[in-house]
Amino acid sequence: MNKEVYFGSPIFKENNLNFLKSSVLKTNKYIKETKFGNSHHSEHLSNISEFKELTQYIGQKSFEFLDEQGFDLTEYNLYFTEMWVQEFSKKGGGHHDTHVHGNNHVSGFYFLKCSDKTSYPVFHDPRGAAVMSKLPLKKNLNATNTGNDLIHFNVKPGDLIIFNSYMPHQFVLDHGKEPFRFIHWNIQCVHKKIGKEIN
Ligand SMILES: [Fe+2]
């Protein structure tokens with residue numbers, strides 16, 4: 001019997017060290033230590049000239065991610081609504097509960113400082129109808145089993161991860177043992193024929 005999978009939930013991942021060292025250095029001044037349980041979030045970075053090459057790289061990969069899914073972007077411009085760097089508290093406890101980035105189309109991470117002792121992202125099944133009617137799961141499922149309700153991602157410095165903005169994601173509790181820093185972004189596709197704003 002043929003087995004085919006439709007309506008997938010793609011997550012793009014590659015390791016790119018070309019921007020790693022320079023991004024760590026450039027983001028240093030945007031990081032502030034914060035209290036237990038928190039993470040420090042920087043200002044918006046995509047309009048800052050020293051991040052121009054990184055922003056172009058992320059933008060191109062994000063475009064390709066949407067294009068490969070079959071979306072016709074010829075009538076759309078892509079805009080960064082947010083692009084910021086964050087570092088979890090060295091005192092530990094940093095985390096993010098499960099969330100989506102509403103009113104955006106493509107999101108992602110570029111990991112600058114992480115290890116097997118730090119937090120990592122977890123993605124959850126975005127199919128509301130599937131979640132509503134989900135059966136109990138077997139133990140030791142493969143990552144590719146379509147019944148999975150979540151997927152853990154082990155990450156290393158230089159990892160770029162891109163996903164549709166509707167994908168629920170979280171960051172598990174960080175113990176503050178080693179630095180955990182990454183850039184997060186959200187992109188919105190806006191129709192080129194968008195009408196005049198309402199005053
Ligand atoms: Fe997020």
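**Reading a metal site and its surroundings**

Q: Is His184 buried or exposed in this structure?

A: His184 is buried, with a relative accessible area of 2%. Please keep in mind throughout that we are reading a predicted model.

Q: Which residues coordinate the iron ion, and at what distances?

A: To read a metal site, begin with the donor atoms. Here the iron ion is held by the NE2 atoms of four histidines, His99, His101, His169 and His184, at 2.1 to 2.2 Å.

Q: How are the donors of the iron ion spaced along the chain?

A: The donors follow the spacing H-x1-H-x67-H-x14-H. His101 is in the loop between β4 (96–99) and β5 (106–113), while His184 belongs to strand β10 (residues 181–191), so this pair ties together parts that are 83 residues apart in sequence. Like His184, which is buried at 2%, His101 counts as buried, its relative accessibility being 13%.

Q: What do the angles say about the site of the iron ion?

A: The general idea is to compare the angles with ideal ones, which are 109.5 degrees for four tetrahedral donors. In this model the angles among the 4 donor atoms run from 87 to 161°, and the site is irregular. A tetrahedral label would need all angles to lie between 85 and 135 degrees, so the value of 161° rules that label out.

Q: Which residues of the largest nonpolar core touch the most other members?

A: A core is read by asking who belongs to it and who has many partners within it. This core has 25 residues, and those touching the most other members are Leu54, Tyr110, Leu160 and Trp185. Two or more residues come from each of α1 (20–27), α2 (52–68), β3 (76–88), β5, β8 (159–164) and β10, and α2 contributes the most, with 5 residues.

Q: Where does Leu160 lie, and what does Leu160 touch?

A: Leu160 is part of strand β8 and is buried, with a relative accessible area of 0%. Leaving aside residues up to four places away in sequence, Leu160 touches Phe12, Lys13, Glu14, Tyr57, Ile58, Lys61, Phe109, Tyr110 and Trp185. Leu54, counted in the same way, touches Phe19, Ser23, Met83, Tyr110 and Ile183.

Q: How many aromatic pairs does a search of the whole structure find?

A: Ring pairs are worth reading as a network, since one ring may take part in several of them. The search finds 18 aromatic pairs, and ring pairs join Phe88, Phe109, Phe111, Phe123, Phe153, Phe163, Phe171, Phe180 and Phe182 into a cluster.

Q: Where is Tyr120 placed, and which residues does Tyr120 touch?

A: Tyr120 sits in the loop between β5 and β6 (121–124) and is partly exposed, with a relative accessible area of 23%. Residues up to four places away in sequence aside, Tyr120 touches His152, Phe153, Val155, Gln170, Phe171, Val172 and Phe180. Pro168, which is 48 residues from Tyr120 along the chain, has its C-alpha atom 14 Å from that of Tyr120.

Q: How many disulfides are counted?

A: With cysteines, look at both pairing and burial. The count comes to 0 disulfides. Cys114 is nevertheless buried, at 10% relative accessibility, and Cys189 is buried too, with a relative accessible area of 11%.

How values were computed
Residues are numbered from 1 along each chain as its sequence is written. This is a predicted model: local features need pLDDT of at least 70, side-chain atom pairs count only at pLDDT 80 or more; totals for chains, interfaces and linings use all residues. Side-chain values use heavy atoms; hydrogens and water are left out. Donors are N, O and S atoms within 2.8 Å of the metal (3.2 Å for Na, K and Ca); water is not among the atoms, so sites may look incomplete. Four donors count as tetrahedral if all angles lie between 85 and 135 degrees; four count as square planar and six as octahedral if opposite donors are over 155 degrees apart and all others between 65 and 115; anything else is irregular. Helices (H or I, at least four residues) and strands (E, at least two) are DSSP runs, numbered from the N terminus. Buried means under 20% relative accessible area, exposed over 50%, partly exposed in between (1.4 Å probe, protein chains only). Rings of Phe, Tyr and Trp (its six-membered ring) pair if their centres lie within 6.5 Å; planes under 30 degrees apart count as stacked, over 60 as edge-to-face and the rest as tilted. A nonpolar core is a set of buried Ala, Val, Leu, Ile, Met, Phe, Trp, Tyr and Cys residues joined through side-chain atoms within 4.5 Å. Contact means heavy atoms within 4.5 Å. A disulfide is a pair of cysteine sulfur atoms within 2.5 Å.
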